[in-house]
Amino acid sequence: MKRKTFLERAAAVPHIVWMILFIVAPLLFVIYFAFTDASGKFSFSNIVNLSNYGNIFLMSVLFAFLATVICLLLGYPLAFFMSRLKPSTQRAVVLLLMLPMWISLLIRTYSLLALLDNGGLLNSLLQALNLPTVKIVGTPGAVILGMVYDFLPYMVLPIYTTLSKLDIRLFEAAEDLGCNGVKTLFKVALPLSKSGIISGITMVFVPSISTFYISQKLGGGRFDLIGDTIERQFLMNNNKNVGAAISLVMMILILISVAVMNKFGDDDGGELIV
Amino acid sequence: MKVLSKIYMVLIFALLYAPIIVLVLFSFNRAGTFNNYSEFSFYWYKELFRDSTALDALKNSLILALSSAAIATVIGTLAAYGINGMRNKYVKTVINSITNIPMMNPDIVTGVSMMLLFAAASAIPFLNVEMGFGTMLIAHTTFNLPYVILSVLPKFKQMDKHLSEAALDLGCTPAQTFLRVELPFIMPGVVSGFMLGFTLSLDDFVISHFVSSSDFKTLPLYVYNQTAHDVKFSMYALCALMVFAILVLMILVNFAGADRSNNKKKKKTRAVSKI
């Protein structure tokens with residue numbers, strides 16, 4: 001074995017220093033602010049007062065959960081069908097799927113608003129046809145729709161990646177052995193694409209539960225989700241202690257659920273797809 | 001079944017693209033409403049370019065994306081080199097999991113944690129910390145770092161260790177070995193890490209939202225401000241331009257990729273024919 005050179009020893013040092021200064025220290029500040037009051041004294045009051053925000057937590061979890069389930073139900077078949085296309089077509093379709101991921105989330109949410117808003121295209125069309133207009137923006141459905149619309153590609157891509165790596169003969173074998181389409185799906189495709197499903201769920205659930213732009217725009221300001229609450233505490237109310245406590249709790253909730261999900265998955269773990 | 005699956009795919013993609021297409025179409029509508037499409041015009045585009053803050057924001061975004069991606073690439077590549085050489089598994093795991101925190105955490109938590117750090121640092125008199133380009137640069141570099149390491153580290157793992165040992169035996173200094181043997185080998189990973197960082201930085205809104213000030217606005221922050229109140233059709237024009245830019249970029253990248261693989265194939269066949 002060759003001896004470690006000075007370069008090898010020193011190479012990671014800038015990164016380690018950067019990590020301590022800009023990843024670890026900021027998180028310590030979150031913890032510090034969560035457990036102190038405005039004057040800097042140690043207190044549990046922020047954490048205790050979180051019960052006031054119970055409804056917000058529940059609503060956010062519910063919205064994010066529904067959005068994730070809908071994404072999975074819509075996205076899995078899409079990923080499955082994509083993986084069965086001809087290789088040349090697959091390339092083009094994957095590109096088509098990735099293009100929205102490269103367009104800023106703000107723009108995509110805003111374009112959805114342009115479509116659904118009271119003076120938006122949908123209602124203008126309805127008006128022109130002398131039909132009653134529909135009020136979509138400002139309903140819970142609109143917020144969930146926004147989450148689904150924005151994050152669907154993040155569900156499809158990892159599932160597609162795991163499915164496209166599967167040997168197609170597995171499906172043929174299942175069919176030869178007498179499985180029908182549904183059985184093939186549940187006995188072959190689903191178990192073998194578990195890691196893709198898990199990373200898809202994480203990639204939809206985490207941004208959904210922490211969003212604030214989607215709920216601000218499509219919720220018409222009527223729905224305060226965790227993200228909105230944190231944003232307000234930091235940028236408007238200037239109550240950093242409460243904001244830090246909410247952030248801390250959300251972070252811990254997410255870390256626990258990700259850890260549980262990864263336990264469910266095989267030990268090869270979810271694949272990271274960017 | 002085949003037909004049904006095709007219909008399903010077309011339907012989902014249509015839904016995915018409908019709002020974007022509508023937005024692009026109506027950005028050319030002189031009337032500036034959805035009620036009537038008066039005439040096709042570039043009026044809203046002209047209106048957009050009359051707004052100097054939009055152009056400033058674009059310039060700021062590019063400067064920030066380039067510099068944060070560059071810094072992250074240098075630090076991250078060196079870090080990958082160091083991490084790859086580490087023998088202590090425990091230390092390796094700790095470093096890797098801390099590195100991945102910004103990737104796992106919701107952006108809003110990363111954003112507020114950075115904000116708290118900078119707010120605390122601004123209380124120290126001689127540091128002179130103010131929200132602006134500096135804080136944005138630090139924040140963007142931080143969330144780019146894991147992606148750079150993630151794309152460079154596998155390249156180091158793929159590399160044959162004997163190559164660098166041979167270089168050392170033949171009289172290269174460790175630095176020369178790194179520059180002449182290891183760096184060329186890991187270059188594809190370095191480039192993709194840089195590109196990833198660049199696009200992530202261009203795209204970031206949430207983290208920037210918490211560490212920016214009014215005198216350094218990037219494009220996403222500008223979009224956010226403009227869309228805060230009423231609907232502006234010049235924003236549709238900006239969005240349409242951004243969509244076009246991304247489309248062109250993706251087509252270019254894809255063609256370049258296809259070209260390269262074609263070249264490789266050609267080279268291979270040539271090599272084979274020579275034999």
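With 6 C-beta neighbours inside 10 Å, Asn130(A) counts as exposed, since the cut-off for that label is 12 or fewer. This residue of the predicted model sits in the loop that joins helix H7 (121-128) to helix H8 (140-165) of chain A. Its backbone is a bit of an oddity too: Asn130(A) is not a glycine, yet its phi is positive, at about 60°.

Thr133(A) is found in the loop between H7 and H8 of chain A as well. Here the count of C-beta neighbours inside 10 Å is 14, so Thr133(A) goes down as partly exposed. Setting aside neighbours within four places in sequence, the contacts of Thr133(A) are Asn123(A), Leu126(A) and Gln127(A). Take Asn123(A): 10 residues separate it from Thr133(A) along the chain, and the two C-alpha atoms are 5.3 Å apart.

Leu50(A) belongs to another loop of chain A, the one between helix H3 (45-48) and helix H4 (54-83). Its 17 C-beta neighbours inside 10 Å make Leu50(A) partly exposed, because buried status calls for 20 or more. Along the sequence, Leu50(A) and Ala245(A) are 195 residues apart, but in space their C-alpha atoms are separated by 7.7 Å. Ala245(A) is also in contact with Leu50(A), as are Ile246(A) and Val249(A), once neighbours within four places in sequence are left out.

Stepping back to chain A as a whole, residues 24 or more positions apart make up 74% of the contacts with a separation of 6 or more. Chain A has 14 helices and zero strands, so reading along the sequence gives nothing but α, one helix after another. Of its 274 residues, 43% count as buried. The C-alpha trace of chain A spans about 80 × 70 × 35 Å along its principal axes.

Next come the places where the two chains meet. Helix H2 (residues 13-34) of chain A packs against helix H4 (residues 89-99) of chain B, with axes that come within 10 Å and cross at roughly 45°. That angle is why H2(A) and H4(B) are described as oblique to each other, and the crossing is left-handed. On the H2(A) side, the residues involved are Ile16(A), Met19(A), Ile23(A) and Val24(A), and they meet Ile95(B), Ile98(B) and Thr99(B) of H4(B). In an α-helix there are 3.6 residues a turn, so residues three or four places apart point the same way.

H2(A) also packs with helix H7 (residues 133-158) of chain B, at an angle of about 120° and with the axes 11 Å apart. H2(A) and H7(B) are therefore oblique to each other, and their crossing is left-handed. His15(A), Trp18(A), Phe22(A) and Ile23(A) in H2(A) meet Ile138(B), Thr142(B) and Leu145(B) in H7(B). Ile23(A) thus turns up in the packing with H4(B) and in the packing with H7(B).

Chain B has a helix with a kink in it. Helix H1 (residues 2-26) of chain B is 25 residues long and reaches 35 Å from its first C-alpha to its last, close to the 36 Å expected at 1.5 Å a residue. Even so, H1(B) bends by about 40° at Tyr17(B), with the proline Pro19(B) following within four residues. Pro19(B) is buried, and so are Ile20(B), Leu23(B) and Phe26(B) in H1(B).

Terms used. Residues numbered from 1 in each chain as written. Chains lettered and ligands numbered in written order. Predicted model: local features only at pLDDT ≥ 70, side-chain atom pairs only at ≥ 80, totals over all residues. Helix = DSSP H or I, 4+ residues; strand = E, 2+ residues; numbered from the N terminus. Contact = placed C-beta atoms within 7 Å. Expected span 1.5 Å × (residues − 1). Bend = angle between axes of the 7 residues up to and from the residue. Axes fitted to C-alpha atoms, helices over the stretch in contact; angles between N-to-C directions. Parallel < 35°, antiparallel > 145°, perpendicular 65-115°, else oblique. Left-handed = near helix turned anticlockwise from the far one by under 90°.
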